Each structure stands twice: as structure tokens, then as C-alpha cells.
Amino acid sequence: MQITICSRKKASLYVARNNNCNIISIVDCGHPHPEFVDFNRRLRLRFDDIDTPHDRGPNHVHIREIISFAHAIDERPLIVHCKAGVSRSSAAAFIVYAVKFGPAGIRDHFRPMLGLIYPNAEMLKLADGILGCKGELISAGEHFRNWDLLVEHERIKNREVIIDG
């Protein structure tokens with residue numbers, strides 16, 4: 001299954017290229033959803049990008065909707081967008097992947113996006129509990145949020161020294 005994580009702005013371009021795709025559209029509270037044509041199924045969610053429990057942030061209902069959507073969609077391309085295409089959309093993509101294929105392969109599947117995405121921790125925490133992933137979704141999210149530390153660790157391990165100045 002092809003999963004594209006993108007910003008709201010780029011979502012229209014991807015939908016135009018992937019006729020008859022599935023879409024998860026996440027917007028901030030109080031903002032309208034973009035209009036698309038030629039899509040198969042669409043899930044519209046509205047919550048702010050907040051990494052801790054908050055009344056405007058992600059909650060169990062939102063996560064259960066993502067999980068139900070993942071069960072309902074077929075193998076057509078999936079486009080997941082939020083405002084910037086970094087946090088909420090990547091967390092939603094991880095959740096869909098975990099539902100379809102299990103959480104074990106998330107790091108490898110999304111590795112090309114290392115350094116570009118920062119999955120929403122609250123969404124992954126909620127989904128991990130609902131899906132019974134025993135911390136695997138949370139760990140995958142931490143892996144992507146701490147990518148700069150991983151790079152630094154590899155440099156030290158390989159005895160690479162970078163001197164600025």
C-alpha cells in the first residue's frame with residue numbers, strides 16, 4: 001500500500017495524480033477541510049496538533065475513527081494530510097500501517113522520511129493502547145522524533161568527528 005504523508009497545500013496535487021485514492025484529512029479546530037475530487041474514501045478529522053491530553057487535541061474517538069478507516073480501506077493509495085504534513089499526518093499514517101501490517105515494520109517502511117516527520121506523540125500513545133501494541137507505536141514515534149540524536153550516536157559510534165568553525 002502506498003502511503004503519502006503531506007501538507008494540506010500539497011494534498012490537492014497528490015489527489016489529482018492518484019485518482020480514486022483514499023484520504024485522511026486532518027485540520028485544526030475551526031478550519032475548513034479542503035475539497036477534493038476523484039477519491040475513493042475520505043476520513044475528515046478536526047483537532048489541533050497537541051502532544052499532550054487536551055480538549056482541542058487528539059482523543060480516543062479520533063484514533064478509533066482512524067483505526068476503523070484503516071480496516072475499511074483497500075490497497076489503493078492513501079494520502080494523509082494535516083496542515084504541515086509533519087506531525088498529525090505522520091502519526092495517522094503510522095496508525096494505518098500498524099492496523100494493516102502490524103507495528104513492527106513502521107521504522108523500516110517510513111525510514112525515507114527520517115528527519116522530515118515528527119509523529120504526534122499523543123496520537124501514537126492512544127493508538128498503542130487501543131491496538132495493544134505494547135509500546136511499539138510509541139517507540140516508533142520516538143525513533144522519528146529523536147532522529148538527530150540517532151545520527152549523532154552513529155557519528156560517535158563510528159568515531160566521526162565534525163568540527164565547525
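Colleague: Which residues form the aromatic cluster here?
Modeller: Phe94, Tyr97, Phe101, Phe110 and Phe144 form one cluster. Bear in mind that this is a predicted model.

Colleague: How many aromatic pairs do you count?
Modeller: With ring centres required to lie within 6.5 Å, the count comes to 4 aromatic pairs.

Colleague: Why is the pair of phenylalanine 94 and phenylalanine 144 called edge-to-face?
Modeller: Start with the distance: the ring centres are 5.3 Å apart, and the limit for a pair is 6.5 Å. Then the angle: the planes sit at 70 degrees, and over 60 counts as edge-to-face. So the pair gets that label.

Colleague: And what makes you say that it links distant parts of the chain?
Modeller: Phenylalanine 94 is in helix 3 and phenylalanine 144 is in helix 6, 50 residues apart.

Colleague: Buried or exposed, those two rings?
Modeller: Phenylalanine 94 has 0% relative accessibility, and phenylalanine 144 also comes out at 0%. Buried means under 20%, so phenylalanine 94 counts as buried, and so does phenylalanine 144.

Colleague: What about tyrosine 97 and phenylalanine 110, what kind of pair do they form?
Modeller: Edge-to-face, with 5.8 Å centre to centre and 75 degrees between the planes. Tyrosine 97 comes from helix 3, while phenylalanine 110 is in the loop between helix 4 (106-109) and helix 5, 13 residues apart. Both tyrosine 97 and phenylalanine 110 are buried.

Colleague: What does phenylalanine 110 touch, leaving aside its neighbours within four places in sequence?
Modeller: Ile3, Ile5, Ala93, Phe94, Tyr97 and Phe144.

Colleague: Which members of the largest nonpolar core touch the most other members?
Modeller: Ile24, Ile66, Phe94 and Phe110, out of 36 residues in that core. Strands 1 (3-7), 2 (21-27), 3 (39-46) and 4 (78-82) each supply at least two residues, as do helix 2 (60-72), helix 3 (88-101), helix 5 (121-131) and helix 6 (136-145). Helix 3 gives the most, with 9 residues. Apart from this core lies another one, of 7 residues, including Cys6, Ala11, Phe36 and Ile79.

Colleague: Serine 90 is in helix 3 too. How do you know whether serine 90 is buried or exposed?
Modeller: Its relative accessibility is 0%. The cut-off for buried is under 20%, so serine 90 counts as buried.

Colleague: What surrounds serine 90, neighbours within four places in sequence aside?
Modeller: Serine 90 is in contact with Ile5, Ile117, Tyr118 and Pro119. As for polar partners, a polar atom of the serine 90 side chain lies 3.0 Å from the backbone oxygen of serine 87.

Colleague: On to helix 5: what caps its N-terminal end?
Modeller: Asparagine 120, which has a side-chain oxygen 3.0 Å from the backbone nitrogen of glutamate 122. A polar contact needs the two atoms within 3.5 Å, so that 3.0 Å fits. Just after helix 5, glycine 132 takes a positive phi of about 70 degrees.

Colleague: Which residues of helix 5 are buried, and what do they pack against?
Modeller: Glu122, Met123, Leu124, Leu126, Ala127 and Asp128 are the buried ones. They pack against helix 2, helix 3 and helix 6.

Colleague: How many disulfides does the structure hold?
Modeller: It holds 0 disulfides.

Colleague: Why is there no bond for cysteine 21?
Modeller: The closest cysteine sulfur, in cysteine 6, is 9.6 Å from the sulfur of cysteine 21. A disulfide needs the sulfurs within 2.5 Å, so 9.6 Å is too far for a bond. Cysteine 82 is in no disulfide either, with the nearest cysteine sulfur, again that of cysteine 6, 8.4 Å away.

Colleague: What makes cysteine 82 count as buried?
Modeller: Its relative accessible area is 3%, against a limit of under 20%, so it is buried. Cysteine 21 counts as buried too, at 0%.

Colleague: And the overall fold, what pattern does it follow?
Modeller: Along the sequence it reads β-α-β-β-α-β-α-α-α-α-α, with 7 helices and 4 strands. Of the 165 residues, 44% count as buried. Among contacts between residues at least 6 apart in sequence, 64% join residues at least 24 apart.

Methods: Residues numbered from 1 in each chain as written. Predicted model: local features only at pLDDT ≥ 70, side-chain atom pairs only at ≥ 80, totals over all residues. Heavy atoms only, no water. Core = buried A, V, L, I, M, F, W, Y, C linked by side-chain atoms within 4.5 Å. Buried < 20%, exposed > 50% of the residue type's maximum accessible area, 1.4 Å probe, protein only. Contact = heavy atoms within 4.5 Å. Polar contact = N/O pair within 3.5 Å; in protein donor to acceptor, adjacent residues only side chain to side chain. Phe/Tyr/Trp six-rings, centres within 6.5 Å; stacked < 30°, edge-to-face > 60°.
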